[in-house]
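Student: I should like to learn how strand pairing and pockets are read from a model. Could we work through an example together?

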Amino acid sequence: MFVNKNILITGGAGFIGSHIVRHFLEKYPRYRIINLDVLSYAGNLENLRDIERNPNYTFVKADIRERKLLSGIFQRYRPQAVLHLAAETHVDRSINSPGDFVQTNIAGTLNLLQEALSIWQKDFTGKLFYHISTDEVFGALGSEGFFTEQTSYSPQSPYSASKAASDHMVRAFGNTHKLPFIISNCSNNYGPNQFPEKLIPLLIHNINQHKSLPVYGDGNYTRDWLYVGDHAQAIDLIFHHGKTGESYNVGGHNEWSNIDLARLLCKKMDRKLKKEEGSSEKLICFVKDRLGHDRRYAIDASKMNKSFGWKPSVSFEEGLDLTIDWYLENVDWLKNIVSGAYQDYYRKYYGYL
Ligand code: NAD
Ligand code: TYD
């Protein structure tokens, strides 16, 4: 569908985006990938060192909040498809700085929609605006049930509210201007290259440093974890075979309470680091809860399975091993990231590190 075409990927220097950029370059050698990223604290070109010389790859440092700048980039590259991942993504940061989330996630998405509309000029043949979103737009579940594509939106944090608004804006452009779009809403991802403010890399890093392991509240909050490579495969299928105007829920069918997950990581790392069994678990400490903390997320991904035969291919055991090994082998990546700015952020908002 997109042979010899330009694909604009936003947020390609971040965690999921860098896996998508690599996946598309490796699997589709006839695509030209333009990675547009502002390189915020979460964006890191180190994530893409191995592919940066690929002749089909171009990096453009730009901010999706700047409409004029975007206009020039759309004019220059004239992308046939936009795969939109750029966002502010950390719930805790959204509590402290909601304005950044409104600006990037809502206004930034609107800018991209307007530029896509303007460049495509109603000739939508072979065009696609694919918006990557989160299951958090559906709100929080009790102990039972799953989010389906029909679940009503009920975002509970400034992050999820900003993602919900961006989903609505994408749908509104589809309805109003017939802009061809697809949305996917995925559960929590984990894997290499994730910024260590999110739970799994934070715990791995702290266990390795023999630092305390902060578990919010009672630790019985539950997330549905999916390996990032499986998300990349799902995005590939949706991008190439998804129906425009539809949305797809992507999840791991792999629910873990935070405390059980912390204990599992401790056990695995004791073995890998040849520490005495049970020694890392002693680092776990229950800390002040997140404000408005969503109790449980869980995705029903049966539409993905029925539509494309997709299901997660990496077991949690295997995925965690791959992830831990990657962090242990990429100490320099972590060292560069866990810089002064990261430490200041922790001291300011959490009072511990
Ligand atoms: P991330 O925080 O690791 O990366 C975000 C990227 O966006 C960074 O490279 C950053 O530099 C870039 N960016 C931020 N603001 C920008 C701006 N104003 N202009 C241009 N670039 C900007 O995020 P991630 O975890 O890789 O998530 C990517 C997308 O997937 C997001 O839209 C997120 O909502 C969605 N998502 C993430 C998860 C998850 O578990 N991580 C799950 C479901 C959906
Ligand atoms: P996080 O990785 O921030 O993802 P999200 O909030 O988007 O699901 O957090 C995952 C879960 O882990 C969430 O319930 C909050 C909890 N958590 C902790 O208990 N301690 C921590 O230090 C962090 C970062 C998260």
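Student: Which residue of strand 2 stands opposite Ile9?

Tutor: In this predicted model, the residue facing Ile9 is Asn35 of strand 2. That contact belongs to a wider pairing: strand 1 (residues 6–10) runs parallel to strand 2, with five bridges between them.

Student: What do strand 1, helix 1 and strand 2 make?

Tutor: Together with helix 1 (residues 15–27), the two strands make a β-α-β unit, and the unit is right-handed.

Student: In which sense do strand 2 and strand 3 pair?

Tutor: Strand 2 pairs with strand 3 (residues 57–61) in the parallel sense, again over five bridges. One of the residues involved is Asp37, whose bridge partner in strand 3 is Lys61.

Student: Why is strand 2 described as largely enclosed by the rest of the structure?

Tutor: A residue counts as buried when its relative accessible area is under 20%. Strand 2 spans residues 32–37, and five of its six residues are buried, so the rest of the structure largely encloses it.

Student: Now to pockets. How much space lies in the second largest pocket?

Tutor: Rolling a probe the size of a water molecule over the atoms shows where empty space is left. Here the second largest pocket holds about 270 Å³. Its lining has 12 residues, of which Lys288, Asp289, Arg290, Tyr349 and Tyr350 are the closest to the centre.

Student: Which helix gives the largest share of that lining, and how do the lining residues divide by character?

Tutor: Helix 3 (residues 91–96) supplies the largest share, with three residues. By character, the lining comprises seven nonpolar residues, four charged and one polar.

Definitions and conventions. Residues are numbered from 1 along each chain as its sequence is written. Chains are lettered from A and ligands numbered from 1 in the order in which they are written. This is a predicted model: local features need pLDDT of at least 70, side-chain atom pairs count only at pLDDT 80 or more; totals for chains, interfaces and linings use all residues. Side-chain values use heavy atoms; hydrogens and water are left out. Buried means under 20% relative accessible area, exposed over 50%, partly exposed in between (1.4 Å probe, protein chains only). Helices (H or I, at least four residues) and strands (E, at least two) are DSSP runs, numbered from the N terminus. Two strands pair if DSSP finds at least two bridges between them. A crossover is right-handed if, with the strands pointing away from the viewer, the path from the first strand over the helix to the second runs clockwise. On a 1 Å grid over the protein atoms alone, a cavity is a set of points where a 1.4 Å probe fits but cannot get out, and a pocket is an open set with protein on both sides within 12 Å along at least five of seven lines; lining residues have an atom within 4 Å of a point. Grid points are joined across faces, edges and corners, and a volume is the space filled by probe spheres set on the points. Ala, Val, Leu, Ile, Met, Phe, Trp, Tyr, Cys and Pro count as nonpolar, Asp, Glu, Lys and Arg as charged, and the others, Gly among them, as polar.
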